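Trainee: I have a model open and I'd like to learn how to read it. Could you walk me through a few features?

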Amino acid sequence: MNRIKSVLEKKGLTQTWLSAELGKSYNMVNAYVQNRRQPSLEVLYEIADILNVDVKQLLVSNKKN
């Protein structure tokens, strides 16, 4: 599952709310949530700030254990 989507669901927030807070269109936020587009690092940090989470929670590690 997409990490942004997961955090939104845990916090009971919607993509529409996030798009308004972020100043981006719903379609852009939906593309981030559906993994059709990746946000720039600046936008990713802004999303983390808006959602009040560490940016690391929105990233998936590529390291193998």
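**Helix packing, a pocket and two turns of the backbone**

Mentor: Sure, and keep in mind that this is a predicted model. Let's begin with α3: its buried residues pack against α1, α2 (15–22) and α4.

Trainee: Which residues of helix α3 are buried?

Mentor: A general idea comes first: an α-helix has 3.6 residues a turn, so residues three or four places apart point the same way. Now the case here: α3 covers residues 26–33, and its buried residues are V29, N30, A31, Y32 and V33.

Trainee: And how do I describe a pair of packed helices? At what angle do α2 and α3 pack?

Mentor: Two packed helices are described by the angle between their axes and the distance between the axes. For α2 and α3 the angle is about 115°, and the axes are 9 Å apart. On the α2 side the contact is made by Q15, T16, L18, S19 and L22, and on the α3 side by Y26, V29, N30, Y32 and V33. Sorted by class, this contact has six nonpolar, four polar and no charged residues.

Trainee: Is the crossing of α2 and α3 left-handed or right-handed?

Mentor: The crossing of α2 and α3 is right-handed.

Trainee: Let's turn to empty space. How much of it lies in the largest pocket?

Mentor: Rolling a probe the size of a water molecule over the atoms shows where empty space is left. Here, the largest pocket holds about 240 Å³ of space. It is lined by 15 residues, and N2, N35, Q38, L58 and L59 are the closest to its centre.

Trainee: Which helices each supply at least two residues of that lining?

Mentor: α1 (3–11) and α4 (41–51) do. By class, the lining of the largest pocket divides into nine nonpolar, four polar and two charged residues.

Trainee: N35 has come up already as a residue close to the pocket centre. What is there to read in its backbone?

Mentor: Look at phi: for N35 the value is near 60°, which is positive in a residue other than glycine. N35 comes just after α3, in the loop between α3 and α4.

Trainee: How accessible is N35?

Mentor: N35 has a relative accessible area of 48%, so it counts as partly exposed, since exposed begins over 50%.

Trainee: Where does N52 lie?

Mentor: N52 lies in the segment after α4. It also has a positive phi of about 60°, although it is not a glycine. Its relative accessible area is 65%, so N52 is exposed.

How values were computed
Residues numbered from 1 in each chain as written. Predicted model: local features only at pLDDT ≥ 70, side-chain atom pairs only at ≥ 80, totals over all residues. Heavy atoms only, no water. 1 Å grid on protein atoms, 1.4 Å probe; cavity = no way out; pocket = protein on both sides within 12 Å on 5 of 7 lines; lining within 4 Å. Points joined across faces, edges and corners; volume = space filled by probe spheres on them. Helix = DSSP H or I, 4+ residues; strand = E, 2+ residues; numbered from the N terminus. Nonpolar A, V, L, I, M, F, W, Y, C, P; charged D, E, K, R; others polar. Buried < 20%, exposed > 50% of the residue type's maximum accessible area, 1.4 Å probe, protein only. Contact = heavy atoms within 4.5 Å. Axes fitted to C-alpha atoms, helices over the stretch in contact; angles between N-to-C directions. Left-handed = near helix turned anticlockwise from the far one by under 90°.
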